[in-house]
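Got your viewer open? Let's take a short walk through this model, one selection at a time.

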Amino acid sequence: MSLLVDSVSGVDVALAVAGPGARAFAFLIDFAFRAILALAWYALAASIYNRHLTLRPPDDAGAIWFTFVVGPALVIFFLYHIVLEVLMRGRTPGKRLASVVIVARDGATAGTGALLVRNLFRVVDSLPLMYGVGLLSSIFSTDHVRIGDLAAGTLLVYDDRDAHLPTQSGERAMLWAAADERAHRLGRGRALDAADANQIVDDYRLLAHDLERARRRAPGSAEREYLEGAYARAHATLYHGSWNALAAFVSFFRDQLPAVVRWLQPYILWVALLFVVSVLTGGWMVHTYPALIRLFASPELIATVERGELWTHSLLNVVPSSVLSLQILTNNIVVSVFAYCAGFLFGLGTFYIVGLNGLTLGAVFAFTAQHGLDGELFEFVMAHGWVEISALCLSGAAGAAVGDALIRPNTPRRADAFRAAALKSGKLLFACALLLVGTGLIEGYISPDPRFNFTMRVCIGVGYWIFMLALLRGWLFHGARRTEPVVT
């Protein structure tokens, strides 16, 4: 199917929307690529580390093993789509072989923020198994989009970059080829200067004029098919502003992130209140009915506390700090992403995740208090808990905003309200992920280490929380020079 998009030239851009088959084909190829790359890195790094051809982890596997062997392999596998889609402007090797590309709904090149939000919602599309939700959504939705596309305002369209000119010759065909080549070159991410911008505008007008004639005179010709693709590529290139990494980074933390936090303040307050009430409720439940702890804690944790010990005492001795830090970081980010994306269920999923975490925390504290260990647990969480709990509430607030947009849309179409809320609130998830990297390191290296006394933990926890506040309010980049983006 084709989707017509308005254009300033007066000639609509026809986007050939890719169906579920093309999506599945591209995904399977990308899955094979990322699995092969991750395994190849692991095999090579493990062989170098062990100094002989073996893939088994050594008995004394420590920080170096997990930092240079396991860590990069996991990064390759899980960040494959995010990194490549941003660097390749909506493409991956699988999409390239399937001749498809991600674009915005107006036909422009998809922005970095939209690509990140699109990938965040993979946690919803991948449910319950092998992208079941995403597949059903792409089959039954009008534009064959999955939930991530709805949130990001993107489409997967055919992009036959290998299409050849019709077998005719002449000056006009040479102009088309030159225009298409410029669109290819400039679409790879290079910023447009004045000369490039003027030239692509001229190309755009040329292709629009000739495409309109071809649509009227030869609608089924190879000439028209070629011009449709060339015109769509020129449109995507033209409607993509120049991008400077440093300027975008500073602008994000100085202007965009504080604006999002201000917008989310009511949601942050309500989610924080929900978390506090959940903690108190969980504590009351276990204090009143001690047997209920089995609903919130594992048998191993319960047995350890009943012996008069905290499960945290042996963490540093049993699990290397690098492994512990990686496990904690992964868990925290997954919980935050789920708290955000679960807002798609009209906010109910977000409230469930935030409430369950609050109930669990309150129940565990009440259980340890019954055995005189609550003070030790409080000391353990003091260094990392401030920011870790704050990041959960912030992610929940972003998810609540998405749910509120679905319940009370402020636009005629509910999908438009959902998209606007997801794109805006999703920026907060990037900051939360960065902050959780720090909490993972603190919880893996500092919290289990008895060499850090209570005063040191308080200073680390409060200091990192103040840093988080400064980051979210834009104070760290307040003095950075403002630069206006150049839009072509």
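**Stop one: a neighbouring pair**

Select D255, which is partly exposed because its relative accessible area is 22%. Keep in mind that you are looking at a predicted model. Now add R254 to the selection: this residue counts as buried because its relative accessible area is 10%, and buried means under 20%. The side chains of D255 and R254 meet in a salt bridge, at 2.6 Å from N to O.

Side chains of opposite charge can pair when their charged atoms come close. How many salt bridges does the structure hold? The count is 20, so let's visit a couple of others.

**Stop two: along helix 10**

Next, show helix 10, residues 194-217, and pick out E212 and R216. These two sit four residues apart in the helix, so about one helical turn separates them. Their side chains form a salt bridge too, with 3.8 Å from N to O. Are they buried or exposed? E212 is partly exposed, at a relative accessible area of 31%, while R216, at 54%, counts as exposed.

**Stop three: a link between distant parts**

Now select R122 and E85, whose side chains meet in a salt bridge of 3.5 Å, N to O. This pair ties together distant parts of the chain: R122 belongs to helix 6 (residues 122-125) and E85 to helix 3 (residues 80-87), 37 residues apart. Both R122 and E85 are buried.

Leave those two highlighted and add R23, K95, R118 and D149. Together with R122 and E85, they are linked in a network of salt bridges.

**Stop four: two helices packing**

For the last stop, hide the salt bridges and show helix 17 (residues 348-370) with helix 18 (residues 374-381). Two packed helices are described by the angle between their axes and the distance between the axes. Here the angle is about 135°, and the axes lie 7 Å apart. That angle makes helix 17 oblique to helix 18.

Which residues meet where these helices touch? On the helix 17 side, select V364, F365, T368 and A369; on the helix 18 side, select D374, L377, F378 and V381. Try colouring this contact by residue type: you'll find six nonpolar residues, one polar and one charged.

Definitions and conventions:
Residues are numbered from 1 along each chain as its sequence is written. This is a predicted model: local features need pLDDT of at least 70, side-chain atom pairs count only at pLDDT 80 or more; totals for chains, interfaces and linings use all residues. Side-chain values use heavy atoms; hydrogens and water are left out. Axes are lines fitted to C-alpha atoms, for helices over the stretch in contact, and angles run from 0 to 180 degrees between N-to-C directions. Angles under 35 degrees count as roughly parallel, over 145 as roughly antiparallel, 65 to 115 as roughly perpendicular and the rest as oblique. Contact means heavy atoms within 4.5 Å. Ala, Val, Leu, Ile, Met, Phe, Trp, Tyr, Cys and Pro count as nonpolar, Asp, Glu, Lys and Arg as charged, and the others, Gly among them, as polar. A salt bridge is a side-chain nitrogen of Lys or Arg within 4 Å of a carboxyl oxygen of Asp or Glu. Buried means under 20% relative accessible area, exposed over 50%, partly exposed in between (1.4 Å probe, protein chains only).
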